[in-house]
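Colleague: Could you take a close look at a single part of this one for me, the buried middle and whatever ties the chain together around it? I'd like one connected walk-through rather than a list.

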Amino acid sequence: SVTHIPYSGAGPALRDTVGGQVEIIFDNVPSALPHIQGGRLIALAVAAIPEGLIESELFGYREGAFTGSRKGGMVGRLMQAHGGTLFLDEIGDMSLAMQVKILRVLQEQRVRRIGAADETPVDTRVIAATNRPDALDEALRRPGRFDREIVIGVPDESGRREVLGIHTRGMPLGEGVDLDELARTTHGFVGADIAALAREAAIEA
């Protein structure tokens, strides 16, 4: 359960030791953090963004900031989540240089788009998750950055059922696929295993 996560300062850093239940936590952030009700909830899978694009994705850019930039520029995820929450999955895959820029946002609550001269104040809660805590800048783990570090282990049967439900939401499943039975018979499975199982069930549908 994440209902006890306090709403103060930055959000929590989730240390998913084996790829376990981050899916459940993200899916329940609105109820776990009632103070952000009505605020936007945005997720970014850091590992899926090429290194050269992650800064523009997070901070945005002004028109003409670089060759191929969008007319009118782009608002980054940190500004899009103003008044709400930005969830950074696999922050450990982010370069240390980019982690330092995230740290500055947490400390100053201001964002500068690429190519811009001015900064924009933001009120954005950042929640981050990683299964590679050794890849984090130590400064991000000091008091006053993220308000706590939560270690998430291997999901139990109930957790596996929730993760299965999240990964199969809106997905056509093959006849005879029983998610409750899968949850019972997948002891020791972690989030990545369950995601693969869900994809296999969809392929067979």
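**The core and its surroundings**

Modeller: Sure. Confidence before anything else: this is a predicted model, with a mean pLDDT of 78 over the chain, and 78% of the residues reach 70 or more. The stretch to be wary of is residues 1-9, where pLDDT stays under 50; the model still has 18 contacts beyond four places in sequence for that stretch. Where pLDDT is low, the predicted coordinates should not be read in detail, and I'll leave that segment alone from here on.

Now the overall layout. The chain has 8 helices and 9 strands, and buried residues make up 43% of its 205 residues. If you take the contacts with a separation of 6 or more, 75% of them come from residues 24 or more positions apart. On the outside, the chain exposes about 10500 Å², with carbon and sulfur atoms supplying 50% of that area.

On to the part you asked about. In soluble globular proteins, nonpolar side chains tend to be buried together. Here the largest nonpolar core has 26 residues, and the ones that touch the most other members are Leu58, Leu78, Leu88 and Met94. Several elements each supply at least two residues of this core: the strands β2 (41-45), β5 (85-89) and β8 (125-130), along with the helices α3 (54-59), α4 (77-80) and α5 (96-108). Of these, α5 gives the most, with 5 residues.

Met94 is a handy place to park the camera. Setting aside neighbours within four places in sequence, Met94 is in contact with Val46, Leu58, Leu88, Gln99 and Ile102. Two of those partners, Leu58 and Leu88, are also on the list of residues that touch the most other core members.

Next, swing over to β8. This strand is mostly covered, with 6 of its 6 residues buried. Arg125, Ile127 and Ala129 point one way from β8, while Val126, Ala128 and Thr130 point the other way, and all are buried. β8 pairs with β5 in the parallel sense over 5 bridges; within that pairing, Phe87 stands opposite Ile127.

There's also another core, apart from the largest one, made of 5 residues, among them Leu164, Leu179, Ala183 and Ile194. A couple of residues help you find your way around there. Thr168 sits in the loop between α6 and α7 (179-184), and because its relative accessibility is 8%, Thr168 counts as buried. Leaving out residues up to four places away in sequence, Thr168 touches Leu173, Leu179 and Ala198. Glu162 lies in helix α6 (residues 157-167) and is partly exposed, at a relative accessible area of 37%. The C-alpha atoms of Glu162 and Ala183 are separated by 8.8 Å, and the two residues are 21 apart along the chain.

Then there are the charged ties. Searching the whole structure turns up 10 salt bridges, and three of them are worth pulling up individually.

Start with Asp93 and Arg132, whose side chains meet in a salt bridge at 2.8 Å, N to O. This pair links distant parts of the chain: Asp93 is in the loop between β5 and α5, Arg132 is in the loop between β8 and β9 (149-152), and they are 39 residues apart. Both partners are partly exposed, Asp93 at 35% relative accessibility and Arg132 at 36%.

Then Glu119 and Arg104, where the closest N and O atoms of the salt bridge are 2.5 Å apart. Glu119 lies in the loop between β6 and β7 and Arg104 in helix α5, so the pair ties together parts that are 15 residues apart in sequence. Glu119 is buried, because its relative accessible area is 18% and the cut-off for buried is under 20%. Arg104, at 35% relative accessibility, counts as partly exposed. Both residues belong to a network of salt bridges that links Arg104, Glu108, Arg110, Arg112 and Glu119.

Last, Asp118 forms a salt bridge with Arg62, and there the closest N and O atoms are 4.0 Å apart. Be a little careful with that one, since the criterion is a distance within 4 Å. The pair again links distant parts of the chain, 56 residues apart: Asp118 in the loop between β6 (110-111) and β7 (120-121), and Arg62 in the loop between β3 (60-61) and β4 (74-75). Asp118 is partly exposed at 45% relative accessibility, and so is Arg62, with a relative accessible area of 37%.

Conventions:
Residues are numbered from 1 along each chain as its sequence is written. This is a predicted model: local features need pLDDT of at least 70, side-chain atom pairs count only at pLDDT 80 or more; totals for chains, interfaces and linings use all residues. Side-chain values use heavy atoms; hydrogens and water are left out. Helices (H or I, at least four residues) and strands (E, at least two) are DSSP runs, numbered from the N terminus. Buried means under 20% relative accessible area, exposed over 50%, partly exposed in between (1.4 Å probe, protein chains only). A nonpolar core is a set of buried Ala, Val, Leu, Ile, Met, Phe, Trp, Tyr and Cys residues joined through side-chain atoms within 4.5 Å. Contact means heavy atoms within 4.5 Å. Accessible areas come from the Shrake-Rupley method with a 1.4 Å probe; for residues, only the protein chains shown count as cover. pLDDT is the predictor's confidence in each residue, from 0 to 100. Two strands pair if DSSP finds at least two bridges between them.
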